[in-house]
Amino acid sequence: MIIDIFFLILGLVLILVGANTLTDGSSAIAKRWGVSDLVIGLTVVAFGTSAPELAISVISAIQGNTGLAIGNVVGSNIFNVLVIIGVTAMVMPIKIERSIMTNEIPLVILSSLALLAMGNSPFLDDASTPVLTRVDGIVLLLFFMIFMRYTFAQAKAAPAGDPVESESSSKNKMPMWKSILWVIGGLAALIYGGDRFVEGASGIASRLGVSDAVIALTIVAAGTSLPELATSVTAAIKGKTGIAVGNVIGSNIFNIFLVLGCSATIRPLAFNGIGNFDLLVLTAACLLFWVFGWFFKERTITRIEGSLLTLCYIAYVTMLIIAA
């Protein structure tokens with residue numbers, strides 16, 4: 001058990017360090033190639049925030065641990081909505097823009113509904129067991145491409161950023177050799193850390209007598225989402241609660257469309273241990289997020305609503321532990 005916990009912690013640290021290093025190196029190379037800060041932010045940086053989930057799910061898929069691959073995404077998305085939004089709102093009520101309520105959050109709900117439908121293939125398509133097929137993976141990747149196209153269109157329509165800030169950031173360029181070293185080192189850390197993390201999580205699950213899916217929905221999901229939680233709470237303390245909403249929306253859409261899309265395209269993923277209860281909790285959490293934003297106080301997640309979201313997560317994890 002001790003060695004499994006060590007692998008779990010070591011893997012998580014390597015994944016987080018690798019994701020940050022890969023993002024920094026890739027961003028520096030992109031700037032040297034004349035890529036705009038806007039494109040870098042929408043691609044390299046956004047990918048970097050989902051790199052931990054992507055590394056774990058892809059490696060799990062390659063190793064045939066499909067419950068961990070899907071559970072990591074489902075658990076992370078549930079954690080993002082119920083805990084990150086919940087805790088952030090308790091620190092500082094979150095004011096949400098109308099465009100986010102009408103455009104982005106419905107996309108989050110759509111991604112959850114798409115996964116729910118794919119997880120019910122035995123009922124909808126006479127399949128023997130629920131499986132995320134390669135065709136499903138390609139469909140999710142196509143959804144991701146549509147989302148990225150929409151994001152680029154929205155960003156180009158937005159006002160330009162501060163030119164002074166852009167000028168100052170361009171002065172501190174990373175040397176090319178260091179950028180390449182950062183990219184290679186980041187990828188190596190992601191791959192090795194992901195392998196150790198999956199090994200540790202599977203070992204803990206087998207020793208505790210619970211499924212890989214339960215470990216993925218709880219420990220793995222919380223571990224990969226801790227950086228986003230820290231970022232969101234820090235932003236809330238500084239009065240920038242919009243960052244929390246952006247974190248959750250971007251992460252949830254990337255996780256389902258990109259992470260699961262890539263993983264399922266590499267290898268079909270059986271929903272081992274991930275049932276309708278988990279998928280319905282994910283969908284309900286996204287709907288609750290949208291309802292709280294619209295109806296109880298105009299486009300604001302209050303401290304009371306944040307507390308309710310957090311309590312919902314505690315109840316969900318408690319039910320998982322009891323059922324295990």
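In this predicted model, a good place to start is a pair of helices, α3 (residues 66–91) and α9 (residues 212–237), whose axes come within 6 Å and cross at roughly 35°. Two packed helices are described by the angle between their axes and the distance between the axes. The crossing of α3 past α9 is right-handed. Sorted by class, the residues in the contact between α3 and α9 are 17 nonpolar, ten polar and two charged.

Now let your eye move to the beginning of the chain. Helix α1 covers residues 2–32, and part of a nonpolar patch on the surface belongs to this helix. The patch is formed by Met1, Ile5, Ile9, Val13, Val17 and Leu208, and together they have about 510 Å² of accessible area. Which helix gives the most to the patch? Helix α1 does, with four residues. Take Val17 as an example: this residue of the patch is found in helix α1. Val17 has a relative accessibility of 47%, so Val17 counts as partly exposed, since that class lies between 20% and 50%.

Helix α1 also takes part in a charged pairing. How many salt bridges does the count come to? The count is one. Its partners are Asp4 and Arg207, with their closest N and O atoms 2.6 Å apart. This pair links distant parts of the chain, for Asp4 sits in helix α1 while Arg207 sits in helix α8 (residues 176–208), 203 residues apart. Is Asp4 buried or exposed? Asp4 has a relative accessibility of 6%, and because buried means under 20%, Asp4 counts as buried.

Next, follow the chain to the loop that comes between α7 (163–171) and α8, where you will find Met174. Pro175 has its place in the loop between α7 and α8 too. Met174 is buried, because its relative accessible area of 18% falls under the 20% cut-off. Pro175, at 34% relative accessibility, counts as partly exposed. Each of these loop residues can be paired with a residue far back in the sequence. Met174 and Ser27 are 147 residues apart along the chain, and their C-alpha atoms are separated by 9.4 Å. For Pro175 and Ile29, which are 146 residues apart along the chain, the C-alpha separation is 8.9 Å.

Two aromatic residues round off the walk. Phe147 is found in helix α6, which spans residues 134–157. With 9% relative accessibility, Phe147 counts as buried. What separates the C-alpha atoms of Phe147 and Leu107? The distance is 8.4 Å, although these residues are 40 residues apart along the chain.

The other stop is Tyr316, in helix α12 (residues 303–323). Tyr316 counts as buried, because its relative accessibility is 2% and the buried class covers values under 20%. The C-alpha atom of Tyr316 is separated by 8.7 Å from that of Asp278, and the two residues are 38 residues apart along the chain.

Technical notes. Residues are numbered from 1 along each chain as its sequence is written. This is a predicted model: local features need pLDDT of at least 70, side-chain atom pairs count only at pLDDT 80 or more; totals for chains, interfaces and linings use all residues. Side-chain values use heavy atoms; hydrogens and water are left out. Axes are lines fitted to C-alpha atoms, for helices over the stretch in contact, and angles run from 0 to 180 degrees between N-to-C directions. Helices (H or I, at least four residues) and strands (E, at least two) are DSSP runs, numbered from the N terminus. A crossing is left-handed if the near helix is turned anticlockwise from the far one by less than a right angle, and right-handed if clockwise. Ala, Val, Leu, Ile, Met, Phe, Trp, Tyr, Cys and Pro count as nonpolar, Asp, Glu, Lys and Arg as charged, and the others, Gly among them, as polar. Patches are made of residues with over 30% relative accessible area and no salt bridge: like charges are joined within 9 Å, nonpolar side chains (Val, Leu, Ile, Met, Phe, Trp, Tyr) within 5 Å. Accessible areas come from the Shrake-Rupley method with a 1.4 Å probe; for residues, only the protein chains shown count as cover. A salt bridge is a side-chain nitrogen of Lys or Arg within 4 Å of a carboxyl oxygen of Asp or Glu. Buried means under 20% relative accessible area, exposed over 50%, partly exposed in between (1.4 Å probe, protein chains only).
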